[in-house]
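Here is a short briefing on charged pairs and on one helix with two faces. Please have the viewer open as you read.

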Amino acid sequence: MTDREFIDFLDLAEKMKCHTRHSWTSTGREESVAEHSWRLSLMALLLEKEIEGVDFEKIIKMCIIHDLGEAITGDIPSFLKTKEDSSVEEKAIETLLQKLPSPQREDMKALFEEMEKRQTMEAKIYKALDRLEAVIQHNEAPISSWLPLEYDLQQTYGWQEAQVHERLKQLRQTAKEDTIEKIEKEAKK
């Protein structure tokens, strides 16, 4: 990869820092797409020694790149995303990957295909963590930032994906308990 290819690709990816998500930080500021990807990667790193028999280097790579398309499209909350939105995001990923030389382009393309198919344990764990990170972030955000549908969604979102491993089930259950506690505290006000 030439210096110019490297810097130009980073320039495109930098937009992940500029686009916000439908999520708020604990201080009441909108979270960026890049912040979500960073913490998702950290979650994978923290679990590396707790979930055996999988390639955590691959999972961390998936976590880092999973929202690259949003550098172009911006974030659309999962509960609003249509098939057309997903198609636009896939085209954005293709556009970004075309900016990369070999072998980086092929390596990232293979990761995106694996994430999309979700047949490997690595892809399943990445997806479970992606959903779990969103739930944890919402639990940390002021409840005033929640939409009415999120009171129920927070208790079910990512539940199915977490069933892939006992450790992820436990984490998802704890996050659900945090959600219920947050809702109950708000109800007492």
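**Salt bridges and the two faces of a helix**

Glu 57 and Lys 61 sit four residues apart in helix α4 (residues 56-65), so about one helical turn separates them. Their side chains meet in a salt bridge, with 3.5 Å from N to O. Please keep in mind that this is a predicted model. A search of the whole structure finds 17 salt bridges, and a few of them are introduced below.

**Pairs one turn apart**

- In the α4 pair, Glu 57 is exposed, with a relative accessible area of 54%, whereas Lys 61 is partly exposed at 40%.
- Helix α1 (residues 3-13) holds another such pair: Arg 4 and Asp 8 are four residues apart there, about one turn of the helix.
- The side chains of Arg 4 and Asp 8 form a salt bridge, at 3.1 Å from N to O.
- Asp 8 has a relative accessible area of 38%, so this residue counts as partly exposed.
- As general background, side chains of opposite charge can pair when their charged atoms come close.

**A buried glutamate and its partner**

- Glu 89 and Lys 81 also meet through their side chains in a salt bridge, with an N to O distance of 2.9 Å.
- Is Glu 89 buried or exposed? Glu 89 is buried, because its relative accessible area is 11% and the cut-off for buried is under 20%.
- Lys 81, on the other side of this salt bridge, is partly exposed at 29% relative accessibility.
- Elsewhere, salt bridges with shared partners link Arg 21, Glu 31, Asp 67 and Asp 75 into one network.

**Helix α6, inside and out**

- Helix α6 (residues 83-98) has 16 residues, which at 1.5 Å a residue should span 22 Å; the end C-alpha atoms are 23 Å apart, in agreement with that value.
- Which residues of α6 are buried? They are Glu 89, Ala 92, Ile 93, Leu 96 and Leu 97.
- These buried residues cover an arc of only 135° around the axis, so they lie on the same side of α6.
- Turned away from that buried side is a face with the exposed residues Lys 83, Glu 84, Lys 91, Glu 94 and Gln 98.
- What covers the buried residues of α6? The cover includes α1, α5 (70-73) and α7 (104-117).
- Two topics meet here: α1 helps to cover the buried residues of α6, and α1 also holds the Arg 4 and Asp 8 pair.

Notes: Residues are numbered from 1 along each chain as its sequence is written. This is a predicted model: local features need pLDDT of at least 70, side-chain atom pairs count only at pLDDT 80 or more; totals for chains, interfaces and linings use all residues. Side-chain values use heavy atoms; hydrogens and water are left out. A salt bridge is a side-chain nitrogen of Lys or Arg within 4 Å of a carboxyl oxygen of Asp or Glu. Buried means under 20% relative accessible area, exposed over 50%, partly exposed in between (1.4 Å probe, protein chains only). The expected span of a helix is 1.5 Å times one less than its number of residues. The arc is that of the directions from the helix axis to the C-beta atoms. Contact means heavy atoms within 4.5 Å.
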